[in-house]
Amino acid sequence: MEGAVRVQSLSQTGISEVPSRYVQPPENRPTRMTKTKTKTSLSCSNVPAIDLSLEKGSVIAAIQGACREWGAFHVINHGVPTKLMDDLRRVFFSFFNDFPMEEKLKYACQPNSAASQGYGSRMLVSSENDTVLDWRDYFDHHTLPLSRRDPTFWPHFPPEYRTLVADYSDAMKVLAQRLLGLISESLGLRASCIEDAVGEFYQNITASYYPPCPQPDLTLGLQSHSDMGSITLLIQDDVGGLQVLKDGEWLNVQPVQDAILVLLADQTEVLLIFLIFLTHRKC
């Protein structure tokens, strides 16, 4: 099991100062990134919100613009039941807040793996001196392909936890495949093009928990990064705090009720660059 102290445990001790391992260098701190910008300029309310129930041609055109300009967009009327999303958030919140640490640690990540399934606080950190740590705990579930899905590695509390994660996994696979098809078609390609290029469908579901921080101006819940894989589908809570980088500026992404935020991940971004080049070249 991962031997690191959980951020939630640190927070609950009532510390007044953040331990040095969590202190970001000055150039990365939230105040440094935002202090020269007004509240208005930080708002990202114009991140596209695309209604998937509209006529297909207009949806494809909207996705094309969002991918080119942002690499991110909200989707509404996406087919994932709101109750399923709400129930999933509820059981994740309950796992982090309603059960003793000794029970949660039974599902801890393996200590010698930087990206193992389970309860942890140091995702992709492989050594003690690797990096500044995030002010975050998480539970990572390996859900697809089905050969990776073993619910016995997931919490058994609340009792509906495992069933909800499996149902959510299946629903998000359907949505991800639909979105990859629409992105392909927005480039004038056959719907299966990106999915065929990416290969077998791998999926992780990560629940993130950000405990209260005594010095939030010194830390980040999750440091700047791009996501591996083809596409990231994110459901936010109503707190906010997520930022995306656009034209050299970090902009806040405001939560949209019942929406799912779509983020193009590394594989899809590389494919898009390649495919756009092929689409626009002349022989």
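**Exercise 1. How many disulfides does the structure hold?**

Solution. Apply the rule: a disulfide is a pair of cysteine sulfur atoms within 2.5 Å. The structure holds zero. Now check two cysteines for burial. Buried means under 20% relative accessible area, exposed over 50%, partly exposed in between (1.4 Å probe, protein chains only). Cys109 is buried at 1%. Cys193 is buried too, at 15%.

The model is predicted: local features need pLDDT of at least 70, side-chain atom pairs count only at pLDDT 80 or more, and totals for chains, interfaces and linings use all residues. Residues are numbered from 1 along each chain as its sequence is written, and side-chain values use heavy atoms, with hydrogens and water left out.

**Exercise 2. Which parts of the chain does the salt bridge of Glu185 and Lys56 tie together?**

Solution. A salt bridge is a side-chain nitrogen of Lys or Arg within 4 Å of a carboxyl oxygen of Asp or Glu. Here the N to O distance is 3.1 Å. Glu185 lies in helix H7 (residues 161-186) and Lys56 in helix H4 (residues 56-69), so the pair joins parts 129 residues apart in sequence. Helices are DSSP runs (H or I, at least four residues), as are strands (E, at least two), numbered from the N terminus. Glu185 is partly exposed at 26%. Lys56 is partly exposed at 46%.

**Exercise 3. Which residues are linked with Arg90 in a network of salt bridges?**

Solution. Start with Glu160: its closest N and O atoms with Arg90 are 2.8 Å apart. Arg90 sits in helix H5 (residues 82-98), and Glu160 in the loop between strand S4 (137-144) and H7. Now add Lys83 and Asp87 to complete the network.
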